[in-house]
Amino acid sequence: MNLLEESQRVGYVSRSVPFKGEDLKEQILKLKKEKNAVILAHYYVDAEIQEIADFLGDSLGLAQAAEQTDADMIVFCGVHFMGETAKILNPNKKVVLPDLNAGCSLADAAPKEEFAAFKAKYPDAVVVSYINCTADIKAMTDIICTSSNAVKVVESIPADKQIIFAPDANLGRYVAKKTGRDLILWEGACIVHIDISLEKLKKAKEENPNALLIAHPECKEVILSQADFVGSTTALLSFVQTSDCQEFIVATEAGILHKMKMAVPHKKLIPAPANEKNACACSECPYMKMNTMEKLYNAMFYELPEIQVPEEVRVPALKALKAMLEISK
């Protein structure tokens, strides 16, 4: 089995890395320079990857960074749909992902055939899809949105138009409430955000009465209704920096706490507890954690696994992404 077959079958290049710790970090940075590569990373990946990324951000920021890069190779430390987004925006650049198995429960929640049938029921509706979806869904979409700009995107659509909002129903309900629009929702959800425990959260609030609850709009409505602030990952980060409050319970994926702690080391940050019992007693995305320094090195060294998007999918998907990026300028 050659390397290409291996990367497609296993999901990554399974080769031992002859470096560890600082040496591995130095070799990754060396490869980046040699190959004119850019490392894009989401806030939810492990801290050591966040620290060597050229750009660290949420879905909107990463899409904007992918559109603007002049690198020859984009190395995306995130999940599969993010790599697809980068490829849609950069058809002539090589886009690699450390592990193809790094998927997304939201993207998986909207299968192509089922969504096409759903869309066909509302032929006059404008389709707004959250960026956390596959390239196939993006190709069936009129305009993409992220949690940073979903309200703005929906408000840009004429009031007499029906709107299908997919695939995150919790974000859709939040946007409907903020805009007063009656959205046709696809019932998808993020496994990380809906696993935040209401019961444990109540206990955390009792133990930390001075803490503000800040939450991502992918959380369940019952969580959002109790939040002192709701916003995208970047908005949550900005809020803890600008708020006079000294304590926060953070209801989103725990990876953002690394950046928050760097920004506000003097403030107390408490991860919202998950229903699932895990080592961190917090909400972690198992897909984001598939990105490791070793897989990152191999992806850069072997330039595999590579993301490909067929042109018949890429072109309409690009139109939907460009519509979002234009609004977000």
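Is the crossing of helix 4 and helix 5 left-handed or right-handed? In this predicted model, the crossing of these two helices is right-handed. The domain assignment of the protein chain gives three entries: domain 1 (3–101 + 288–308), domain 2 (106–190 + 313–328) and domain 3 (192–284). The points below treat the domains, the packing of selected helices, and individual residues in helices and loops.

**Domains**

- Domain 1 is assigned to 3–101 + 288–308 and domain 2 to 106–190 + 313–328, so that each is written as two segments, whereas domain 3 is given as 192–284.
- The centres of domain 2 and domain 3, taken over C-alpha atoms, lie 26 Å from each other.
- Between these two domains, 12 residues of domain 2 are in contact with 12 residues of domain 3.**Helix 4 and helix 5**

- Helix 4 spans residues 59–68 and helix 5 spans residues 80–89; the two pack at an angle of about 35°, and their axes are 9 Å apart.
- On the side of helix 4, the contact is made by Ser59, Leu62, Ala63, Ala66 and Glu67.
- Helix 5 contributes Phe81, Met82, Thr85, Ala86 and Leu89 to this contact.
- By character, the residues of the contact of helix 4 with helix 5 comprise seven nonpolar, two polar and one charged.
- Thr85, which belongs to helix 5, is buried, at 4% relative accessibility.
- The cut-off for a buried residue is under 20% relative accessible area, and Thr85 is classed as buried because its value is 4%.
- Leaving aside residues up to four places away in sequence, Thr85 touches Ala63, Ile131, Lys138 and Leu321.

**Helix 10 and the cis peptide bond before it**

- Eight of the 11 residues of helix 10 are buried, and the helix is therefore largely enclosed by the rest of the structure.
- These buried residues are Ala169, Asn170, Leu171, Gly172, Tyr174, Val175, Ala176 and Thr179.
- The cover over the buried residues of helix 10 includes the strands 5 (126–130), 7, 8 (183–185) and 10 (229–230).
- Helix 9 (150–155) and helix 12 (221–224) are also among the elements that cover them.
- Pro167 is placed in the loop between strand 7 (163–166) and helix 10 (169–179).
- Ala166 and Pro167 are joined by a cis peptide bond, with omega at about -10°.

**Helix 14**

- Helix 14 covers residues 256–263, and Ile256, Leu257 and Met260 are buried in it.
- Viewed down the axis of helix 14, the buried residues fall within an arc of 95°, which means that they line one face of the helix.
- Among the elements covering the buried residues of helix 14 are strand 9 (212–215) and helix 13 (233–242).
- Strand 11 (247–251) and strand 12 (268–271) also belong to this cover.

**The loop between helix 15 and helix 16**

- The loop between helix 15 (293–302) and helix 16 (311–327) contains Pro305.
- The peptide bond that leads from Leu304 to Pro305 is cis, and its omega is near -5°.
- Glu303 is found in the loop between helix 15 and helix 16 as well.
- For Glu303, phi is near 60°, a positive value in a residue other than glycine.
- Glu303 has a relative accessible area of 23% and is partly exposed.

**Helix 2 and the loop that follows**

- Gly21 is located in helix 2, which runs over residues 21–34.
- With a relative accessible area of 53%, Gly21 is exposed.
- An exposed residue is one over 50%, and Gly21 is classed as exposed because its value is 53%.
- Gly21 and Met293 are 272 residues apart along the chain, yet 9.1 Å separates their C-alpha atoms.
- Asn36 occupies the loop between helix 2 and strand 1 (37–42).
- Asn36 has phi near 50°, a positive value in a residue other than glycine.
- The relative accessibility of Asn36 is 34%, and the residue counts as partly exposed.

**Thr292 in the loop before helix 15**

- Thr292 lies in the loop between strand 12 and helix 15.
- At a relative accessible area of 23%, Thr292 is partly exposed.
- The C-alpha atoms of Thr292 and Cys77 are separated by 8.7 Å, although the two residues are 215 residues apart along the chain.

Definitions and conventions. Residues are numbered from 1 along each chain as its sequence is written. This is a predicted model: local features need pLDDT of at least 70, side-chain atom pairs count only at pLDDT 80 or more; totals for chains, interfaces and linings use all residues. Side-chain values use heavy atoms; hydrogens and water are left out. Buried means under 20% relative accessible area, exposed over 50%, partly exposed in between (1.4 Å probe, protein chains only). Helices (H or I, at least four residues) and strands (E, at least two) are DSSP runs, numbered from the N terminus. The arc is that of the directions from the helix axis to the C-beta atoms. Contact means heavy atoms within 4.5 Å. Axes are lines fitted to C-alpha atoms, for helices over the stretch in contact, and angles run from 0 to 180 degrees between N-to-C directions. A crossing is left-handed if the near helix is turned anticlockwise from the far one by less than a right angle, and right-handed if clockwise. Ala, Val, Leu, Ile, Met, Phe, Trp, Tyr, Cys and Pro count as nonpolar, Asp, Glu, Lys and Arg as charged, and the others, Gly among them, as polar. Domain bounds come from an automatic or database domain assignment.
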